[in-house]
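Please walk through the structure shown here, beginning with a single residue and moving outward to the sheet and the cores.

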Amino acid sequence: MSMIACRDLSLGYDSDPILEHLCFEVNAGDYLCIVGENGSGKSTLMRTVLGLQRPLGGEITFGEGVKPGEIGYLPQQTAIQRDFPATVWEVALSGCQARLGRRAFYSRSEKALAAANLARMGMGAMGGRCYRELSGGQQQRVLLARVLCAAERLLLLDEPVAGLDPGVTQELYDLIGKLNREDVTIVMISHDIAAAMRYATHILHIGSQLFFGAADEYRQSAIGRRFLATEGGEST
């Protein structure tokens, strides 16, 4: 059974659809990139999958023991969030907040999980640093550690490399690819179609036309060939 399955999904606001008849699924171990024109509804789709917004129609089902509240979510960061006055350790540990229940303090195992995920992201030695003093790439590493504390099996990432320079962008892509190879299922919104084709196992293209399938199938499809040519990706 798939981790996420969307059937005949319609998205929008106030009964005004921006996307209709969407069908796709995410299986364990997938690396799905969501691509498409600006304003096509990519972030709206991600919020709907997370239960932060109600669909206008259709259904979303979860399998493999996945629940909406147990999905790691990394949204696009705002300027206010980048200036958050907390330590790297505090930001990472806050990913365990949903585990607290009625407890007032984090457990030893939760602290160990935060430490392990910071180390996993190459930030283990920077726990005492102030988060807002970090570079953009370092902040994204900390936020990835945070979402891994929230959910280690399935991550939804909304443009995680936005605003980063090419070198740091490549480092983040390599980290995310490594997580996927370690059995973390990735669903990522991306405007970088070339990188999407390099890393993704599957592509979901939304907009005036819809496509869902393997990355190689997308490369050979009419919509994929056109989008790759116009957005600076590879073409055939």
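Tyr 73 counts as partly exposed because its relative accessibility is 23%, and buried means under 20%. In this predicted model, Tyr 73 belongs to strand E5, which covers residues 72–74. Leaving aside residues up to four places away in sequence, the contacts of Tyr 73 are Met 46, Arg 47, Leu 50, Leu 52, Val 147 and Leu 156. Tyr 73 and Leu 157 are separated by 84 residues in sequence, yet their C-alpha atoms are 6.0 Å apart.

E5 is one edge of an open sheet; the other edge is strand E9 (211–214), and each of the two pairs on one side only. The sheet has six strands in the order E5-E6-E7-E3-E8-E9, with mixed pairing. From one strand to the next, the twist averages 15 degrees. At the E9 end, strand E8 (residues 202–206) pairs with E9 in the antiparallel sense over four bridges. His 205 has Phe 211 in E9 as its bridge partner.

Two helices lie across parts of this sheet. Helix H1 (residues 42–49) crosses E3, E5, E6, E7 and E8, at about 150 degrees to E6. H5 lies across E5 and E6 and runs at about 160 degrees to E5.

The largest nonpolar core has 45 residues, among which Ile 203 and Tyr 218 touch the most other members. Helix H5 (residues 136–150) contributes the most to this core, with six residues. Beyond four places in sequence, Ile 203 touches residues including Leu 32, Val 35, Met 197, Phe 212 and Tyr 218. A separate second core of 24 residues includes Met 3, Leu 9, Val 49 and Ile 71.

Note on methods
Residues numbered from 1 in each chain as written. Predicted model: local features only at pLDDT ≥ 70, side-chain atom pairs only at ≥ 80, totals over all residues. Heavy atoms only, no water. Buried < 20%, exposed > 50% of the residue type's maximum accessible area, 1.4 Å probe, protein only. Contact = heavy atoms within 4.5 Å. Core = buried A, V, L, I, M, F, W, Y, C linked by side-chain atoms within 4.5 Å. Pairing = 2+ DSSP bridges. Axes fitted to C-alpha atoms, helices over the stretch in contact; angles between N-to-C directions.
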